[in-house]
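Below is a round of questions and answers on one protein model. Each answer sets a value against its criterion and concludes.

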Amino acid sequence: MAPSRSTDSLLDKAGLGVKLLGGSVLAGILVAGMALPAVGAFGLTAKDTAESFDNIPDDFKTPTLSQASMIYDAKGGLIAKVYDRDRTILTAEQMGPTIRHAQVDIEDARFYEHGAVDLKGVLRAATKNAEAGTAAQGASTLTQQYVKNVFVEQAGDDQNAFLEATKKSLGRKIQELKYAVKLEEDLSKDQILTNYLNITFYGHQSYGIESASNRYFGKSAKDLTIAEAAMLAGLVQNPTAYDPIAHPQAAQTRRNTVINKMLEFKHISPEDAKAALAAPLGIKYVEPQNGCITAQNGMGFFCDYVRHVIKQDPAFGKTSAERQKLWSQGGLKVYTTIDPDKQRAMYDAVTKKVFVNDPVSAAGTMVKPGTGEILAMAQTRPYGLDESKKQTVLNLNVGSSMGGGSGFSPGSNFKPIMAAAALENGTPITQEYPSPNKMTYPRMTTCNGPVYDPQPLTNESPDEQGPYSLQVAMQKSVNTYFIQLEEQVGLCPMKQMSDKLGLGTLANGKPLQELPSMVLGTQEVSPLQMATAYAAFAARGLYCAPVALTSVVASDGKKLDVPKANCNQVMSQTTADGVNTLLLGVTEKGTGSALGLDDGRQIAGKTGTTDERYAAWFTGYTPSLSTSVWMGGVGGNVSMKKITIGGRYRAAVYGADGPGPIWQQAMNNALDGSPITRFQTVNIPVPQQPTTPPTDGATPPTSGDNAQGGNGWPIGGGNNGGFTVPPGIIGGNTGKPGHR
């Protein structure tokens, strides 16, 4: 129902009469009477004017407005609200009548009486402009203001387009007028008002009345009081000058003006007006909560990863422009794989074992075997841009294309990949090699031919020399053994297995190179890659690409396709079972034997430490959960020797006592109370015990870094990423009940 207005004046009657002629006639009068003398100066012609009426874009009738997207965890909890513009679109009914009356009364009191143009206002402005010799006096109706807002919305972050959309000129005014006339032909007044209230800016990053209501009063628009609605309606004219946070007195004065207008036009009673005028501003300001920086429990990095997925994966658009438009327009409901309980477990572990002010950091990712679902992603330093608080937006769990860096050398974490390639190509799991303490890289064969780089290679301990079997070499992480295995199998099968396990592309986006040192993990990868590769072992050879999304719902309610894990059997189950058996040995008798879980369930995994202790890893798994933890300097150039980490001084950091305890704490908490499952294993005959002392005649030590294990072989680590054993952690269990 249009509000009642007095129409006694001759000018009002003239305005109503013109309205009856229709929008097109009115436009013709205006163009002929006041626009045409100026169109030449603005590059407009009569032909341009006529065609514009037929070519008004649909976006002006039903604009696609940018609004906030919501990202949820696997249990439906909100991770973050992200937006280019904070807006929630409402229907007329969802707004309630109070704000609608307030906005019309202060912005365009004759809105329901005039057409696209208020003739009374136009004549008043024309007189003023003629006297001043300029086009400074405006007479914009609410419909024309709506048109201007659409131009601003379309400009987005393009500064030139924004300046053009807001330019105060007669040419711009004519264009807005023409669009407004056409809109009034196609839309009802109520539709135009609803669109206007959804698009207009209310200050403090709030676009649309719903966002503004929540920003200033912490409530929905339909629940606004008269005083609250009046304050918001008054903001539109100048959100800066009437800002209730910076200028509360100006805001209150403007609010009272709106209240008096509502009383004047009989939308509120005198009693309501009196109460509203006496009410305080009552601001309950809520700071804009935008983006991944608002996520809790370290989920900011995963949130950022989700953003990269939507903006890069072809599932969300064939071109980058299409995907960017989808993200910018927002209104998405993004449901993800992240498990809030496992995320908390991972986050607590990386932040309690390594402090934010330490010279090194830690990062860890959890992946569900057989699905590729990312269940947790956390790191020591918080997500954000404030360097004084040690914040960063660099996601250490992923590669550069997804918001991370160039990755880190995984060291001996790569040796199980070689073992899988060897077993898949027919090498017996009992294979032995001489494994001397020192050797040079032998001639090897790549997919494209031979390669020879006779660089020297030395095992970590002077007493570490074979012969060794594959099982024992894996337990002790013997470098020379794996170089000899690589020589026999060839670099090509190793590269092919790496490709199948998602390691064929390095963290920096470049392809993995077929180098003799490849098996020793000298090329940089990410924790997400390692967790996903090891998850394939846990799933008995089924590799699934990592996925972060379960579903995405667009602003129109349409369910969008999401990236698939594309699971493939990349090795035989027997091969995977063999690798699992080898890596069980690492956690039961080898370098990871101190990392058993509290409930005694089976775990398999591999340690890794690089030269100069620049990086240390532990990647381990159960049949239901794969987790990779990295520790080191963010730039890869911090030597973890004679260093204090997490309040504890360390002479040197190892995979088993650096990232290992982080992994252990995270897995204990993540798996607490979950069903205990066991690996399918293969039988490995016990190798023959050595009967002669080392050839150099040295007496094997019984304690310290180079102590012998119970089978008479020296314990050791590796160069170029091989593991170096810390003293006192090998050859026994943790003493925890049920630990194997």
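**Burial, pairing and pockets**

Q: Why is His204 called partly exposed?
A: This is a predicted model. The relative accessibility of His204 is 26%. Buried means under 20% and exposed means over 50%. The value falls in between, so His204 counts as partly exposed.

Q: What makes the phi of His204 worth listing?
A: Phi of His204 is near 50 degrees, a positive value in a residue other than glycine. His204 sits in the loop between helix H10 (189–199) and helix H11 (209–217).

Q: Why is Lys642 called exposed?
A: Its relative accessibility is 68%. Exposed begins over 50%, so Lys642 qualifies. Lys642 belongs to strand E19 (residues 641–645). Its phi is also positive, near 50 degrees, and Lys642 is not a glycine.

Q: Why is Glu264 called partly exposed?
A: Glu264 has 46% relative accessibility. Exposed needs over 50% and buried needs under 20%, so neither word applies and Glu264 counts as partly exposed. Glu264 is in helix H13 (residues 248–264).

Q: How far apart in space are the C-alpha atoms of Glu264 and Asp105?
A: They are separated by 8.9 Å. Along the chain, the two residues are 159 residues apart.

Q: Why is Thr581 called buried?
A: The relative accessible area of Thr581 is 9%. The limit is under 20%, so Thr581 is buried. Thr581 lies in helix H23 (residues 573–589).

Q: Which residues does Thr581 touch, leaving out those up to four places away in sequence?
A: Thr581 touches Thr681, Val682 and Ile684. Touching here means heavy atoms within 4.5 Å.

Q: How do you know that the length of helix H24 agrees with its residue count?
A: H24 covers residues 659–671, which makes 13 residues. At 1.5 Å a residue, the span should be 18 Å. The end C-alpha atoms are 18 Å apart, so the two values agree.

Q: What makes H24 mostly covered?
A: In H24, 10 of the 13 residues are buried. Among them are Ile662, Trp663, Met667 and Leu671. The buried residues of H24 pack against helix H17 (340–352) and three strands: E4 (361–367), E17 (615–622) and E18 (625–632). After H24 comes Gly673, with a positive phi near 85 degrees.

Q: How do you know that both faces of strand E16 are covered?
A: Take the two sides in turn. Ala604, Lys606 and Gly608 are buried on one side. Gly605, Thr607 and Thr609 are buried on the other. The count for E16 (residues 604–609) is 6 of 6 buried.

Q: What makes E16 and E17 a pair?
A: Pairing needs at least two bridges. E16 and E17 are joined by 6 bridges, and they run antiparallel. Thr607, for one, has Phe618 in E17 as its bridge partner.

Q: Which residue takes a positive phi in the hairpin of E16 and E17?
A: Glu612 does, near 60 degrees. The hairpin has 5 residues between the strands.

Q: How do you know that helix H22 has its expected length?
A: H22 has 12 residues. From first C-alpha to last, H22 reaches 16 Å. The expected value at 1.5 Å a residue is 16 Å, and the two are close.

Q: What makes H22 mostly covered?
A: The count is 12 of 12 residues buried. Leu528, Met530, Tyr534 and Phe537 are among the buried residues. H22 is followed by Arg540, whose phi is positive, near 60 degrees.

Q: Which helices each supply at least two residues of the lining of the second largest pocket?
A: Helix H15 (300–312), helix H21 (491–500) and helix H22 (527–538) do. The pocket has a volume of about 660 Å³. Its lining has 31 residues; Tyr305, Ser401, Met402, Leu528 and Pro546 lie nearest the centre. By class, the lining has 16 nonpolar, 12 polar and 3 charged residues.

Q: Why is the peptide bond between Gly466 and Pro467 listed, and what is its omega?
A: The bond is cis, with omega about 10 degrees. Pro467 is in the loop between strand E10 (456–458) and strand E11 (468–469).

Notes. Residues are numbered from 1 along each chain as its sequence is written. This is a predicted model: local features need pLDDT of at least 70, side-chain atom pairs count only at pLDDT 80 or more; totals for chains, interfaces and linings use all residues. Side-chain values use heavy atoms; hydrogens and water are left out. On a 1 Å grid over the protein atoms alone, a cavity is a set of points where a 1.4 Å probe fits but cannot get out, and a pocket is an open set with protein on both sides within 12 Å along at least five of seven lines; lining residues have an atom within 4 Å of a point. Grid points are joined across faces, edges and corners, and a volume is the space filled by probe spheres set on the points. Helices (H or I, at least four residues) and strands (E, at least two) are DSSP runs, numbered from the N terminus. Ala, Val, Leu, Ile, Met, Phe, Trp, Tyr, Cys and Pro count as nonpolar, Asp, Glu, Lys and Arg as charged, and the others, Gly among them, as polar. The expected span of a helix is 1.5 Å times one less than its number of residues. Buried means under 20% relative accessible area, exposed over 50%, partly exposed in between (1.4 Å probe, protein chains only).
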